[in-house]
Protein chains: 6
Amino acid sequence: MDGFTHIDENGKANMVDVGDKSETKRYAKATGRIRVNEEVYSAVAKGSVAKGDVLGAARIAGIMAAKKTPELIPLCHTLLLSKVSVEFVFDDKAREIICTCEVKLTGRTGAEMEALTGVSVALLTVYDMCKAIDKRMEIHGVRLVEKDGGKSGHFVS
Amino acid sequence: MDGFTHIDENGKANMVDVGDKSETKRYAKATGRIRVNEEVYSAVAKGSVAKGDVLGAARIAGIMAAKKTPELIPLCHTLLLSKVSVEFVFDDKAREIICTCEVKLTGRTGAEMEALTGVSVALLTVYDMCKAIDKRMEIHGVRLVEKDGGKSGHFVS
Amino acid sequence: MDGFTHIDENGKANMVDVGDKSETKRYAKATGRIRVNEEVYSAVAKGSVAKGDVLGAARIAGIMAAKKTPELIPLCHTLLLSKVSVEFVFDDKAREIICTCEVKLTGRTGAEMEALTGVSVALLTVYDMCKAIDKRMEIHGVRLVEKDGGKSGHFVS
Amino acid sequence: MDGFTHIDENGKANMVDVGDKSETKRYAKATGRIRVNEEVYSAVAKGSVAKGDVLGAARIAGIMAAKKTPELIPLCHTLLLSKVSVEFVFDDKAREIICTCEVKLTGRTGAEMEALTGVSVALLTVYDMCKAIDKRMEIHGVRLVEKDGGKSGHFVS
Amino acid sequence: MDGFTHIDENGKANMVDVGDKSETKRYAKATGRIRVNEEVYSAVAKGSVAKGDVLGAARIAGIMAAKKTPELIPLCHTLLLSKVSVEFVFDDKAREIICTCEVKLTGRTGAEMEALTGVSVALLTVYDMCKAIDKRMEIHGVRLVEKDGGKSGHFVS
Amino acid sequence: MDGFTHIDENGKANMVDVGDKSETKRYAKATGRIRVNEEVYSAVAKGSVAKGDVLGAARIAGIMAAKKTPELIPLCHTLLLSKVSVEFVFDDKAREIICTCEVKLTGRTGAEMEALTGVSVALLTVYDMCKAIDKRMEIHGVRLVEKDGGKSGHFVS
């Protein structure tokens, strides 16, 4: 269907053929946020003992998930990521933990799904580690921030 | 640390011991949304040929991801899910696709992470299949809706 | 849809709820065959040095694949298999290697997909190891032989 | 052993060294069939509501399995597939659903195992979704149809 | 073969049948060590900034690997671990980092392989993060420390 | 932190960026040993019927684990291994089974973690298959033997 690159001429979901795209350096950066209650925010964002381990575990989980993207998203290509990083910053006013994931690779297709998957799983890991304290956390703002390489050029949201 | 069940007495991230919890029937329901542009919304929500396959692929991806949760979220226990379902409805006013994932199991710990992971990966799959058309989609509202079974009783958000 | 247990009331593919089925001992046995050329058949079936390793690798691959079934077949439940075995016999007349896979478990749903997946991957592994010699091998006769436990009773094909 | 590329000079199963093969565009197409009873055939092949979801789920499962091939077949190399597609056609006379899987990549070794694995898992998924109705389905005719790229040249069965 | 529980009556490697064993609480504890050079030891064991993250990442990797054991060790059963913990202590005299992994479950077979896999992957992760500084690290002393539950009774090494 | 390539400027564990390293042929060889009791040693090393299958299964497990390294070791890059081999020799005096794993690839980063993971999982598989006979086996001497390719040049331990 026109524009839907994963839908073939018969209206079926199939992997896009990237065999004729050129190998270029590609970059993607995604972000997302988790809104937590006061108790979780203080513990995680304000530096109590748990902080390192909650965000440390979430960072590792996000990086591993970015590498696992083609196993999770059915029509994603396996890619050789040359770098994945996951970082957290804090938004005191909104009482939110903000996660960003950056992915670099040299390959035939972009890595925005890897960056978005890294963010999502990192935030789910924060959720998991804090859910005994707060059952009303919410993940939002999961979106692409920047993308470069490939024929669609440079994108900044 | 007090309340943080995944942080042990030394402040380290470790799996909670659920060996003394009783095996009970447990249920969790999570939801999330993806905001898309007009073109994507019409194609996916309004019934063009692509609809079945975009949401069909996303449903399968969400179900498989729910089963994969302990591989993604470091401190989650492996569980024997007795049912996973993923559904989509449309919010015309907000131009959003709403995903819900329900999980049932008989076991020693709850399945909210499975439901949340199912929702997240289902929405990421929608994103992947529509990203050639819309680079500004955003996933939000990922949260627990309902939970039952286990000592913390019935929770409805 | 009536009879199609994986299709829900809205015609969507979803996992069957097995939460109300009882935990019983269950057994499944599947079989399949690969037809190979003279050269492969002699080497593998007739005892040359390669025999042990081709079938040994295929046996291990089949057992590991049976355990991986819920990752491969979207709507299969994760099960705790109590036994998986993979065996090979030879049909000289047909020049075929016959594989059988037996699976046992105590659980809420049957294991025929595990047995069928074990057979399929074991035979694909034989194919892989012999494909430099024979490009016309064919896998056929992959089917359920016997099944026991659960409400549908004893089945023998 | 002579010809058995996966058996080393000591008769042991080991991965073939493809490091000196050149990176070329490669293509493989495999096929297979599942014989089903009248009730399954009508529902799946003749267009009832279940059709889309049975074959849609099987297509996604086949594509994901093709990407997973090196995890399933012990001596297969990890490859960067540039395209995987899975299609179904119907053979009314034989009452069979025919699956084909095409795989493309640029790499140092061929992708016939990926195509064969895609076909096998897609057919097993059809089996899974229809097994409550028909316990005597049989998968057969799983074989390579065409292969191109690499030093062994173009193969058509 | 007598004593080799994974070798069947025909001398073939196959999974042991644990279907007739009773479900009991089981426990296993394994240990292992990595010998590192002065520079690595100071940085990791003596509290510089890297410490938390090297051992934090290794702890997460070990816990995730323990859950993945049946995917790695061909004849291991899938188990529902109720707890996994990974800890590190330091042996200043030997300049070694000592890792222990404890695993608990309620099930039909023991978890020593899970504990040993957790230790091995945790130590390999330490190795990975320090290998730019020390190429002569060595992992040793990987062994079972204690085991309980099941018919073989309590074992302490 | 200086020297710790996996620790970024903020002291956080993140994947190294290898995007600017050149694609070269790389090679790594690792080794490790398992010390076993008399009964296990005779059975496995001295040629009884079990020998082929214990070491055959361990070889397959080691090769598959080497391919799985980026799923196990959090900060390892996905690599396209062009060859993996696992071999065993026997040290009668020490009553030890010695495993070596060699890995080759063309890529942007070395493969020592793949070789070390291959050795570790192969030895754990030997352990698993012999643990009913000997509960005091010990894995030791897991280390890098040789490494070539990349900017750090040729390393021989």
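**View 1. The hairpin of chain E, in which E:Leu81 and E:Leu105 of S3(E) are bridge partners.** In this predicted model, local features need pLDDT of at least 70 and side-chain atom pairs count only at pLDDT 80 or more, whereas totals for chains, interfaces and linings use all residues. Residues are numbered from 1 along each chain as its sequence is written, and chains are lettered from A and ligands numbered from 1 in the order in which they are written. Strands here are DSSP runs of E with at least two residues, and helices are runs of H or I with at least four, both numbered from the N terminus; two strands pair if DSSP finds at least two bridges between them. S2(E) and S3(E) run antiparallel and are joined by 10 bridges. Four residues lie between these two strands in the hairpin, and E:Arg95 in the turn has a positive phi of about 55°.

**View 2. The contact of chain E with chain B.** Here 14 residues of chain E are in contact with 15 residues of chain B, two residues being in contact if their C-beta atoms, placed from the backbone, lie within 7 Å. The side of chain E that touches chain B receives at least two residues from each of helix H2 (50–72), strand S2 (81–91) and strand S3 (96–107) of chain E. That side divides into six nonpolar, three polar and five charged residues, where Ala, Val, Leu, Ile, Met, Phe, Trp, Tyr, Cys and Pro count as nonpolar, Asp, Glu, Lys and Arg as charged, and the others, Gly among them, as polar.

**View 3. The contact between chain C and chain D.** Chain C and chain D each bring 49 residues to this contact. On the side of chain C that touches chain D, helix H2 (50–67), helix H4 (112–130) and strand S4 (138–148) of chain C each supply at least two residues, and the largest share, 12 residues, comes from H4(C). The residues of this side comprise 30 nonpolar, 10 polar and nine charged. S4(C) is joined by two bridges to strand S4 (residues 138–148) of chain D, and the two strands run antiparallel; C:Val142 stands opposite D:Ile139 in S4(D).

**View 4. The rotation axis relating chain C and chain D.** With copies superposed by least squares on the C-alpha atoms of residues with pLDDT of at least 70 in both, a turn of 180° and a shift of 0.0 Å along the axis lay chain C on chain D with an RMSD of 0.0 Å. The two copies are therefore related as by a two-fold rotation axis. Of the residues of chain C, C:His140 comes closest to this axis, its C-alpha lying at 1.8 Å. The same surface serves both copies, since 100% of the contact residues of chain C recur in chain D.

**View 5. Helix H3 (residues 112–130) of chain F.** At 1.5 Å a residue, the 19 residues of this helix should span 27 Å, the expected span being 1.5 Å times one less than the number of residues; its end C-alpha atoms are 27 Å apart, which agrees. Because 19 of the 19 residues of H3(F) are buried, the helix is largely enclosed by the rest of the structure. A residue is buried if 20 or more other C-beta atoms lie within 10 Å of its own, exposed if 12 or fewer, and partly exposed in between, with C-beta atoms placed from the backbone.
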